Amino acid sequence: MDELNELIGLDNIKTSVKELSNFLKVQKLREEKGLKNVNNSLHSVFMGPPGTGKTTVARLVSKIYKHLGYLEKGHLVETDRTGMVAGYVGQTALKVEEVIKTSLDGVLFIDEAYSLAKDNKKDFGNEAVEVLLKKMEDHRDQLVVIVAGYPDEMEEFIESNPGLQSRFNRYFTFDHYKPKELIGIFELFCLKNDFVLADEAKEKLEFIFDKLYEKRHKSFGNARVARNLFEKIIEYQANRIVSITPLTEELLKTIVEDDIPPVNQTVDDYLRFQKDEEES
């Protein structure tokens, strides 16, 4: 739980995971006393936009399941439609079986899982769902599945198949990061990479995150945007200081206002990128 609590934001997620962890601890204690347990599914639906920590939380949850004795390995296997669906008859089942095999005693994390369910009944994604459901039943004590994606699409996905509805009844909702949280994430990147954000640079960056949050689309990249900006900014910083002699440690570490790209241009560039992502 310490690793989870160290994450920036995600207060509702932290509360939900803590409540789940407490429930599972008590179930184990009941089992030790010979009392009956409620058979509560660990399979979960993670709903939220990109870059909001879904994969990170899934990895931490898998560790918690191992620590509490519900999974032997507690590793996380990430996949998506590409990793589960083939283009030929009979090949999809083999792909799903292979990814399930590597996930046993751990957690299978399926990103953008809604892309598996298509209105076209001939689509092999529907076959992947049926094979997945069967394997979940066959390995109910060895496998936890987390499906993830945008809220509306994930609700439609779960409702598209009675088997999904019966197995997935635990929902976690990941919200967009607030501007202050995005600044915190940016500063965390700085800390981990030996950079320091000067006050005037931080103020300019706050303007960028405020505007991005205000004009965000559902596909806004959140922490990914913070990461992309960090990488761009340290490149600007390097080009600013490269010719300075001597290059002191302070110069090498400090990000100043001039290293932060223009506010309006940066916001427009990211919004244009979001629009292209949604249309593609």
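**View 1. Salt bridge within helix H12 of the predicted model**. Glu249 forms a salt bridge with Lys253, and their closest N and O atoms lie 3.9 Å apart. Both residues belong to helix H12 (residues 249-253), where they are four residues apart, about one turn of the helix. Glu249 counts as exposed because its relative accessibility is 58%, whereas Lys253, at 29%, counts as partly exposed.

**View 2. Two salt bridges that involve helix H11**. Within helix H11 (residues 223-241), Glu231 and Arg227 are separated by four residues, about one turn of the helix, and they are joined by a salt bridge whose closest N and O atoms are 2.9 Å apart. Glu231 is partly exposed at 37% relative accessibility, and Arg227 is likewise partly exposed at 32%. In the other pair, the side chains of Arg240 and Asp259 meet at 2.6 Å, N to O. Because Arg240 lies in helix H11 and Asp259 in the loop between strand S7 (254-255) and helix H13 (263-279), this pair ties together parts that are 19 residues apart in sequence. Arg240 is partly exposed, with a relative accessible area of 29%, while Asp259 is buried at 0%.

**View 3. Buried and exposed faces of helix H7**. The buried residues of helix H7 (residues 151-159) are Met154, Phe157 and Ile158. These residues cover an arc of only 95° around the axis, and therefore sit on the same side of H7. The face turned away from this buried side carries the exposed residues Asp152, Glu156 and Glu159.

**View 4. A negative surface patch**. The patch is formed by Asp199, Glu200, Glu203, Glu206, Asp210, Glu214, Glu257 and Asp258. Among them, Glu214 is located in helix H10 (residues 199-214) and counts as exposed at 64% relative accessibility.

Definitions and conventions:
Residues numbered from 1 in each chain as written. Predicted model: local features only at pLDDT ≥ 70, side-chain atom pairs only at ≥ 80, totals over all residues. Heavy atoms only, no water. Patch = residues over 30% accessible without salt bridge, like charges linked within 9 Å, V, L, I, M, F, W, Y side chains within 5 Å. Areas by Shrake-Rupley, 256 points an atom, 1.4 Å probe, with all protein chains shown as cover. Salt bridge = Lys/Arg side-chain N within 4 Å of Asp/Glu carboxyl O. Lys, Arg positive; Asp, Glu negative; His and termini not counted. Charge placed at Lys NZ, Arg CZ, Asp CG, Glu CD. Buried < 20%, exposed > 50% of the residue type's maximum accessible area, 1.4 Å probe, protein only. Arc of directions from axis to C-beta.
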